[in-house]
Amino acid sequence: MLQTSFVYYVVPLFLAYLLWNVLSKPKDAFPSIGPSGPISSFIGAFQFLTQGRRMVHEGYTKYAGRVFRVPGFTHWTHVVSGLERTREVVSAPDTELSLDDAANETFQLDYTMGTDMAIHPYGTRVIRGALTQNLARRFEDVRDEISCAFEDVLTLEGTEWQSVTAYTAVLNIVCRTSNRLFVGLPLCRSPEWIALNIQFTIDVAIAGQLIGILPTILKPVFGPFLTSRKRNLRQGEKLIGPLIQERLDDPSSSHNDLISWLLDAAPVDGRRVTPILERVLGINFAAIHTSSMVLTHALFDLAVHPECAAPLREEAARVVAADGWTKAALGKMHKIDSFLRESLRMNGLGITTVGRRVTNRAGFRFADGTTIPHGEFLEIAVMDTHHDPTVYDAPDTFDGFRFSRLRDGQPDQQERGGVFKHGMVTTSLDYLPFGHGRHACPGRFFAATELKAMIAHVVLNYDVKLDSADGKRPPDAAIGAAHLPNRTAKLWFRRRSEAE
Ligand code: HEM
Ligand SMILES: *[C@@H]1O[C@H](CO)[C@@H](O)[C@H](O)[C@H]1NC(C)=O
Ligand SMILES: *[C@@H]1O[C@H](CO)[C@@H](O)[C@H](O)[C@H]1NC(C)=O
């Protein structure tokens with residue numbers, strides 16, 4: 001009974017509401033992709049779910065260097081293409097275009113993450129500052145956790161091949177390793193802590209979508225039931241509460257981890273268990289799934305390109321023999337750096353990225369006078385930029401050493417502060433996996449350190465091969481503008497007999 005009435009009344013009402021939502025959006029001058037009639041654009045939104053890449057590509061080709069719109073259930077997204085327009089977007093101040101407002105719409109932050117983080121946004125400052133500055137000092141711990149985590153997760157016996165679901169294994173390894181730096185031993189190895197942080201991200205993403213399509217007046221009514229925020233916070237408090245409390249009770253104790261850096265940066269009224277926990281969860285949210293997807297892509301690339309393994313291994317062995325395992329040594333691993341940079345260019349994590357919402361009441365005006373109205377959403381066509389033959393030679397070919405070749409023969413002095421023009425963390429208008437400009441990912445220095453150390457560890461200690469006999473990369477998953485590595489495909493690992 002209940003189910004029948006749900007299907008007959010609630011679903012049509014809901015669809016009608018969504019339709020009204022699309023219809024009532026102000027028209028603007030930008031061309032749209034897919035059906036653009038009032039009702040058919042709703043069908044376009046369904047199409048975009050499965051054909052996002054094709055639709056964005058159509059716009060990128062038809063309206064090169066301009067702005068076009070792609071349909072969604074609750075709003076159109078303006079897609080920006082071309083380096084000139086990209087420059088204008090990434091350099092716009094928050095009073096023109098806001099990342100926070102776009103994130104709020106995607107994740108419905110008030111319900112999923114809480115308002116405190118928006119009121120005291122010091123987390124990003126801590127990542128850019130203390131966390132990045134302490135990477136060299138804390139590298140030994142990160143390195144130790146990488147060894148232990150691969151050992152525990154792969155469960156290899158002797159030199160037998162063993163298969164694992166790549167994404168699941170990587171997620172565990174990345175979560176553990178990142179949390180060694182964030183919260184230290186033993187919590188970083190706690191299965192409950194790992195599960196909480198992995199689940200938290202998924203909960204926020206799903207609840208954000210669900211709450212996002214609710215009519216505004218219903219959000220406060222149903223919002224709290226659609227998130228697991230309360231349960232997650234309770235679980236988190238149980239796990240990390242005593243640790244934070246200990247630090248609060250004894251301010252003279254010295255530590256060097258994310259908790260201590262957050263406590264140093266927090267406003268006086270924020271030096272409590274819950275606000276600190278919220279930030280640790282929030283930083284895990286930004287760090288774990290992103291880095292895991294990147295590493296999964298890179299391992300698939302390694303398995304599909306066995307010809308890259310030997311040069312990568314030779315480089316890692318040579319550098320580690322000379323310098324040991326340090327962060328500075330990673331700086332000399334140009335091929336590993338290039339391999340990851342190329343994997344990020346080829347695969348990325350999205351078809352579009354750098355989400356923004358127009359905050360300027362008068363709209364966001366490009367230099368040529370075209371204007372995206374106030375409240376509208378925009379993104380940059382990153383996938384097409386990275387695969388544009390006028391930007392990259394043979395853009396659809398994976399070339400692991402594309403970027404390290406540019407470094408060969410260049411004296412190291414030319415590399416400013418160890419940051420090379422073609423290094424993994426260097427962003428530009430045509431290299432956007434981490435965004436670029438004002439809001440470029442502050443966690444990328446940590447992500448690069450962790451991921452490079454992981455690839456070096458893998459090539460030195462293991463052989464990796466695909467599960468399939470055809471030598472093809474497992475197909476990626478594309479949902480709307482998201483572009484994810486295959487999360488069910490397996491990889492085979494074998495311990496190298498001559499491993500150190
Ligand atoms: C390889 C892994 C990662 C990728 C591909 C990635 C990518 C990105 C991208 C595309 C943005 C948005 C930039 C923009 O809109 O302009 C971003 C922002 C951000 N990322 Fe990352 N990220 C990664 C790892 C991390 C890690 C490890 C952390 C934390 C330790 C982190 C923390 C953040 C934060 C806090 C922001 C928001 C910055 C702001 O509000 O200005 N990310 N990231
Ligand atoms: C998110 O958006 C809602 C609705 O517009 C607003 O009331 C709230 O203050 C915003 N929250 C944050 C954290 O920006
Ligand atoms: C992931 O890869 C497996 C093969 O390993 C395949 O059966 C499955 O369909 C792929 N998933 C997606 C979403 O393409």
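In this predicted model, the side chain of Asn486 places a polar atom 2.3 Å from an oxygen atom of ligand 3. The surroundings of ligand 3 consist of Pro475, Asn486, Thr488 and Ala489. On its own, ligand 3 exposes 360 Å², and the protein buries 44% of that area. Sorted by class, the shell around ligand 3 holds 2 nonpolar residues, 2 polar residues and no charged ones.

Ligand 2 is surrounded by Asn104, Asp110 and Ala118. Two of these residues make polar contacts through their side chains: Asn104 has an N or O atom 2.4 Å from an oxygen atom of ligand 2, and Asp110 has one 3.0 Å from a nitrogen atom of ligand 2. Of the 360 Å² of accessible area that ligand 2 has by itself, the protein covers 43%.

Ligand 1 contains an iron atom, and the only protein donor to that iron is the SG atom of Cys441, at 2.2 Å. Cys441 belongs to the loop that connects helix H19 (402-405) with helix H20 (444-461). There are 22 residues around ligand 1, of which Ala287, Arg356, Pro433, His439 and Cys441 come nearest. Arg356 and His439 also take part in polar contacts: a side-chain N or O atom of Arg356 is 2.8 Å from an oxygen atom of ligand 1, while a polar side-chain atom of His439 is 2.6 Å from an oxygen atom of that ligand. The shell around ligand 1 comprises 14 nonpolar, 7 polar and 1 charged residues. Helix H7 (123-133), helix H14 (273-304), strand E5 (353-358) and helix H20 each contribute at least two residues to this shell, and H14 gives the most, with 6 residues.

The polar side-chain contacts with the ligands are set out below.

| Residue | Ligand | Ligand atom | Distance |
|---|---|---|---|
| Asn486 | ligand 3 | oxygen | 2.3 Å |
| Asn104 | ligand 2 | oxygen | 2.4 Å |
| Asp110 | ligand 2 | nitrogen | 3.0 Å |
| Arg356 | ligand 1 | oxygen | 2.8 Å |
| His439 | ligand 1 | oxygen | 2.6 Å |

Strand E5, which supplies residues to the shell around ligand 1, is also part of an open sheet of 5 strands. The strands of this sheet follow the order E1-E2-E8-E5-E3, with mixed pairing. Strand E1 (67-70) and strand E3 (97-98) form the edges, each pairing on one side only. E3 and E5 run antiparallel and are joined by 2 bridges; in one of the pairings between them, Leu97 has Val358 of E5 as its bridge partner.

A further antiparallel pairing links strand E9 (residues 462-466) with strand E12 (residues 490-495). These two strands are joined by 5 bridges, and Tyr462 has Arg495 of E12 as its bridge partner. E9 is mostly covered, with 4 of its 5 residues buried.

Several loops contain notable backbone geometry. The peptide bond from Leu185 to Pro186 is cis, with omega near -5°, and Pro186 sits in the loop between helix H9 (166-182) and helix H10 (191-212). Gln108 is not a glycine, yet it has a positive phi of about 45°. Gln108 lies between helix H4 (99-107) and helix H5 (109-112), in the loop that separates them, and is buried, with a relative accessible area of 6%. Ala394, likewise not a glycine, has a positive phi of about 40°; Ala394 is found in the loop between helix H18 (382-386) and H19.

How values were computed. Residues numbered from 1 in each chain as written. Chains lettered and ligands numbered in written order. Predicted model: local features only at pLDDT ≥ 70, side-chain atom pairs only at ≥ 80, totals over all residues. Heavy atoms only, no water. Donors = N, O, S within 2.8 Å, 3.2 Å for Na, K, Ca; no water. Near = heavy atom within 4 Å. Polar contact = N/O pair within 3.5 Å; in protein donor to acceptor, adjacent residues only side chain to side chain. Areas by Shrake-Rupley, 256 points an atom, 1.4 Å probe, with all protein chains shown as cover. Nonpolar A, V, L, I, M, F, W, Y, C, P; charged D, E, K, R; others polar. Pairing = 2+ DSSP bridges. Buried < 20%, exposed > 50% of the residue type's maximum accessible area, 1.4 Å probe, protein only.
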